[in-house]
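Let's walk through a protein model together, step by step. Take a moment to turn it around before reading on.

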Amino acid sequence: MNRKIVDNSIFNREGKSKELALIGLMTSLLCILGPLSVPIPFSPVPISLTNLGIYFALYALGMKRGCISYLIYLLMGFIGVPVFSAFTGGPARLLGPTGGYLIGFILMALLSGFCIDKRPSHPLTCFLGMAAGTLVCYLFGTVWLAEQAQLSFSGALAAGVIPFLPGDLVKILIAMAAGPVIRRRLQSAGLF
């Protein structure tokens, strides 16, 4: 009887270790993709690959662990590790004009992750979930940008959303193509 208890506790530790390793791996992916950005001359918001990294984390880890992965990334950037766009970090970056999008990614991860978890092999559900999550992030970030940069809502929309629509659609399509493959591979390896 004692042997069974010991075996279960070892299994639980191994499962937790795998879970933590996957969260760390996806946080690392965010730290690699997040700083890669292209500045746009007419906008304080650069084109970034952060949301693509979040989509991959949601497919690989699910909503809860994917959100944890992003929150770790956000905390790292907040304390000054240069993981935000253009290799920047610190509280000023998070609380500045583009900080609303960084915080809005939390809401995006929750909504998108919920939809991906509900029906991971159903492309329409995943697409609508990622699109809705992105729209919520856009809304949060646009209100924040308008307040911080003293722009009208339409001005903030023109600077922080409209130029990004085509690229974000492409990122969603890439995530839809690669995400299910990532999830299946992790499941077949017993990691998900």
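We begin with the whole chain, then look at a pair of helices, and finish with a single residue.

This is a predicted model, in which local features need pLDDT of at least 70 and side-chain atom pairs count only at pLDDT 80 or more, while totals for chains, interfaces and linings use all residues. Residues are numbered from 1 along each chain as its sequence is written, and side-chain values use heavy atoms, leaving out hydrogens and water.

The chain has seven helices and two strands; these are DSSP runs, with helices (H or I) of at least four residues and strands (E) of at least two, numbered from the N terminus. Along the sequence, the pattern reads α-β-β-α-α-α-α-α-α. The C-alpha atoms fill a box of roughly 70 × 35 × 20 Å along the principal axes.

Now find helix H2 (residues 50-78) and helix H7 (residues 165-188). Their axes, lines fitted to C-alpha atoms over the stretch in contact, come within 8 Å and cross at roughly 25°. H2 and H7 are therefore roughly parallel, a label for angles under 35 degrees between N-to-C directions, which run from 0 to 180 degrees. Among the residues that meet here are Tyr55 and Phe56 in H2, and Ile172 and Met176 in H7.

Finally, is Ser69 of H2 buried or exposed? Ser69 is buried, with a relative accessible area of 0% (buried means under 20%, exposed over 50%, partly exposed in between, using a 1.4 Å probe and protein chains only). Leaving aside neighbours within four places in sequence, the contacts of Ser69 (heavy atoms within 4.5 Å) are Ile23, Met26, Thr27, Leu30, Ala57 and Leu61.

Definitions and conventions. Angles under 35 degrees count as roughly parallel, over 145 as roughly antiparallel, 65 to 115 as roughly perpendicular and the rest as oblique.
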